[in-house]
Amino acid sequence: MIRQLARGTGIAWAALLPFFALAAPVHGAAKDPSTLRQAQGSGQAFPGRPVRMVAAFAPGGSVDIVARLLAQKLTESWGQQVVVDNRPGAGGNVSAEIVARAPNDGHTIYICSASFVVNPSLYGKSLYDPVRDFAPVSLVSLVQNVLVAHPALPAKSVNELVALAKSKPGQINYASTGSGTSGHLVMELFKSMSGIDLVHVPYKVIGQAQADLMGGQVSLWFPTAPGALPHIQAGRMRALAVAGAKRSSTLPELPTMSEAGVPGFEASTWYALLAPAGTPRHIVAKLNGDVVRILKQPEVHGRLTAMAIEIVGGSPDELARHIRSEIPKWARVVKQSGARVD
């Protein structure tokens, strides 16, 4: 496997061995205060060797796309290879646990999705703490969740949908790709904030959820914009609103959920860059400065926005505040919905 990855990146396979040695399974591992990892070479220029960017999900998805673009640009900027190490599993728990126990010298960094703050509430147990075990670097980007309906549903706005659902409690269903996924929890937030009763129909495969929504077997869905956009444009799905705090640059004609009649609603799928807790401040500052600079490059901005991925950027403190606000918000949704992944 190491040789295959090396051939895909153009790196000598032996150079990757240190990364895989650090990535051994850590489930159940206890932290020993006497052996906590210390930053190495803090007086030397950073980075002093190749950097491993752990990605929370498998190749091909939005997290991976953003990770590989950042890795390419950081490699060009630093003159040191940045290797994307995809570690899918348990909705992002596997990757988070690996990074939480990695050396805190900046040579292991982490790109995650919003599931990072949901998992501690969603899973029966978690081996990482999203605040204690990580040093925030920057909020990188987000993708909008879009409330879509089957075209035959007699509701052409969020207000009309709420009125329809209240007249038919428990009779309108919605799709998701499983309990605890973003589509499930965002819809549960909508239910809670609008006081409606919808029936959850979970799917294991996104393609089947799409097909059944377009076929009329389910009436509603809250997918992300990149996957839904072609079907919205073709008229196979009716888009009612986006879930973000601001309108989407890809679908600017759509109101936000807040504008459409659910004040205060905000539920974007975001991606962030973090490092292990205890990473020296000067390294965090360099990581932040270089990432924010890269995100402002016209080429990067153009490539991401073409895929309905919106650039964010921002300071470590802004990301820290965002993480702290998101944890209790989604903990309430998980508790109210009864969602659980064991």
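**Exercise 1. Which elements are included in what covers the buried residues of α12?**

Solution. The model is a predicted one, and the work starts with the helix itself. Helix α12 runs over residues 316–337, and its 22 residues reach 31 Å from the first C-alpha to the last, close to the 32 Å expected at 1.5 Å a residue. The next step is to list the residues that count as buried in α12, namely Leu319, Ala320, His322, Ile323, Glu326, Lys329, Trp330, Val333 and Val334. The cover over these buried residues includes two helices, α5 (115–122) and α7 (182–194), together with the strands β4 (134–143) and β10 (269–276). After the helix comes Gly338, whose phi is positive, near 75 degrees.

**Exercise 2. Determine how Glu326 and Lys329 are placed in α12, and whether their side chains are paired.**

Solution. Begin with the spacing: Glu326 and Lys329 are three residues apart in helix α12, and are therefore separated by about one helical turn. An α-helix has 3.6 residues a turn, so residues three or four places apart point the same way. Then apply the distance cut-off, which for a salt bridge is 4 Å between a side-chain nitrogen of Lys or Arg and a carboxyl oxygen of Asp or Glu. The closest N and O atoms of Glu326 and Lys329 are 3.6 Å apart, and the two form a salt bridge. Finally, consider accessibility: Glu326 and Lys329 are both buried.

**Exercise 3. Trace which parts of the chain are tied together by the salt bridge between Arg49 and Asp105.**

Solution. The closest N and O atoms of Arg49 and Asp105 are 2.7 Å apart, and the two residues form a salt bridge. Arg49 lies in the loop between α2 (17–22) and β1 (51–55), while Asp105 lies in the loop between α4 (93–100) and β3 (108–113), so the pair ties together parts that are 56 residues apart in sequence. As for accessibility, Arg49 is partly exposed at a relative accessible area of 37%, whereas Asp105 is buried at 2%.

**Exercise 4. Describe the salt bridge between Glu299 and Lys73, and name the network to which both belong.**

Solution. The side chains of Glu299 and Lys73 meet in a salt bridge with an N to O distance of 2.7 Å. This pair links distant parts of the chain, with Glu299 in helix α11 (residues 298–305) and Lys73 in helix α3 (residues 62–78), 226 residues apart. Glu299 counts as partly exposed at 40% relative accessibility, while Lys73 is buried with a relative accessible area of 9%. Widening the view, Lys73, Glu76, Glu299 and Arg303 are linked in a network of salt bridges. The salt-bridge count for the model comes to 14.

Notes
Residues numbered from 1 in each chain as written. Predicted model: local features only at pLDDT ≥ 70, side-chain atom pairs only at ≥ 80, totals over all residues. Heavy atoms only, no water. Helix = DSSP H or I, 4+ residues; strand = E, 2+ residues; numbered from the N terminus. Expected span 1.5 Å × (residues − 1). Buried < 20%, exposed > 50% of the residue type's maximum accessible area, 1.4 Å probe, protein only. Contact = heavy atoms within 4.5 Å.
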